[in-house]
Amino acid sequence: MVLDRCLLKQKGELRRIVCHELMHFVWMRLGNGARRAWEGVLAAEWKARARGELGWSAEWRKAGLGERDVAGRSRKWREYACESFCATGAGLFAGGGEHEEYTLGARFRKRRGGWMEELVGHQRGGLRI
Ligand SMILES: [Zn+2]
C-alpha cells in the first residue's frame, strides 16, 4: 500500500483511505456467503434505482453497470460489490461525518450501516484480519 505524503496533513482523509484499503483485506477473508449477502443489499439498491455511492472508486464502477451485469453477476458487478463494501466500511469505521464522495441517499446508507453492524456482530471472534 502506497499513500501520498500530502495525506499526512489531512488526518480525516488519511484515516478514510487507510480504512478503505484495510477493508479490501476484510473482503478477501469474508467468505462467499457474506459476499453474496452484500451483493443482495446492492441488488436491492439497484432495483430501487438508488443513486450515488460512498466513494469515487465504487461510484464510477456503479456508473458503468447495466442490467446484464447485475443479473449475471458479471466481473464488473463483482468488482463494484467489492469497492462498494470497502467504501461503505471506510465511511462507517473511519470516524463518520460527511464527505463530498458520500452521495448515496440516507435510507440506503442506513441499510448498509445496519448490514455492516450485523456482520461485525456475527464475525466477531471468527474473522481474523
Ligand atoms: Zn478500493
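## Exercises on a predicted model

At 19% relative accessibility, His99 falls in the buried class. Keep in mind throughout that this model is predicted. Let's work through some exercises together.

### Exercise 1: His99 and its partners

Task: Find where His99 sits, and work out which side chain it joins in a polar contact.

Solution.
- Step 1. Start with the place: His99 belongs to the loop between helix 5 and helix 6 (106–123).
- Step 2. Check the cover: buried means under 20% relative accessible area, and His99 has 19%.
- Step 3. Look for side-chain partners: His99 and Glu13 are joined by a polar contact of 2.9 Å between their side chains.
- Step 4. Turn to the backbone: a polar atom of the His99 side chain lies 2.9 Å from the backbone nitrogen of Glu101.

### Exercise 2: The zinc ion

Task: Identify the protein donors of the zinc ion and decide why their arrangement is irregular.

Solution.
- Step 1. List the donors: His20 (NE2), His24 (NE2), Glu83 (OE) and Glu83 (OE) lie 2.1 to 2.7 Å from the zinc ion.
- Step 2. Read the spacing of the donor residues in sequence, which is H-x3-H-x58-E.
- Step 3. Place the pair that links distant parts of the chain: His24 is in helix 1 and Glu83 in helix 5 (residues 75–93), 59 residues apart.
- Step 4. Recall the reference value: ideal angles for four tetrahedral donors are 109.5 degrees.
- Step 5. Compare with the cut-off: four donors count as tetrahedral if all angles lie between 85 and 135 degrees. Here the 4 donor atoms subtend angles of 52 to 139 degrees, so the arrangement is irregular.
- Step 6. Add the surroundings: His24 and Glu83 are both buried.

### Exercise 3: Salt bridges

Task: Say how many salt bridges there are, then describe the pairs made by Arg112, Lys76 and Arg75.

Solution.
- Step 1. Recall the principle: side chains of opposite charge can pair when their charged atoms come close.
- Step 2. Take the total, which is 8 salt bridges.
- Step 3. Examine Arg112, which pairs with Glu53 at 2.6 Å between the closest N and O atoms. Arg112 is in helix 6 and Glu53 in the loop between helix 2 (32–47) and helix 3 (56–63), so the bridge ties together parts 59 residues apart in sequence. Both Arg112 and Glu53 are buried.
- Step 4. Move on to Lys76, whose side chain meets that of Asp69 in a salt bridge (3.8 Å, N to O). Lys76 is partly exposed at 42% relative accessible area, whereas Asp69 is buried at 13%.
- Step 5. Finish with Arg75 and Glu79, whose closest N and O atoms are 2.9 Å apart. The two are 4 residues apart in helix 5, so about one helical turn separates them. Arg75 is exposed at 59%, while Glu79 is partly exposed at 35%.
- Step 6. Note one network too: salt bridges that share partners join Glu13, Arg16 and Glu101.

### Exercise 4: Before helix 1

Task: Describe Leu3 and Asp4 in the segment before helix 1.

Solution.
- Step 1. Locate Leu3 in the segment before helix 1 (11–29); Asp4 lies in that segment too.
- Step 2. Assess Leu3, which is partly exposed at 35% relative accessible area.
- Step 3. Find the patch: Met1, Leu3, Leu22, Phe25 and Met28 make a nonpolar surface patch of about 530 Å².
- Step 4. Follow the Asp4 side chain, which reaches the backbone nitrogen of Cys6 at 3.0 Å.
- Step 5. Close with a distance: the C-alpha atoms of Asp4 and Leu14 are 9.1 Å apart, with their positions 10 residues apart along the chain.

Note on methods: Residues are numbered from 1 along each chain as its sequence is written. This is a predicted model: local features need pLDDT of at least 70, side-chain atom pairs count only at pLDDT 80 or more; totals for chains, interfaces and linings use all residues. Side-chain values use heavy atoms; hydrogens and water are left out. Patches are made of residues with over 30% relative accessible area and no salt bridge: like charges are joined within 9 Å, nonpolar side chains (Val, Leu, Ile, Met, Phe, Trp, Tyr) within 5 Å. Accessible areas come from the Shrake-Rupley method with a 1.4 Å probe; for residues, only the protein chains shown count as cover. A salt bridge is a side-chain nitrogen of Lys or Arg within 4 Å of a carboxyl oxygen of Asp or Glu. Buried means under 20% relative accessible area, exposed over 50%, partly exposed in between (1.4 Å probe, protein chains only). Donors are N, O and S atoms within 2.8 Å of the metal (3.2 Å for Na, K and Ca); water is not among the atoms, so sites may look incomplete. Four donors count as tetrahedral if all angles lie between 85 and 135 degrees; four count as square planar and six as octahedral if opposite donors are over 155 degrees apart and all others between 65 and 115; anything else is irregular. A polar contact is a pair of N or O atoms within 3.5 Å; within protein, one must be able to donate a hydrogen and the other to accept it, and residues adjacent in sequence count only if both atoms are side-chain atoms.
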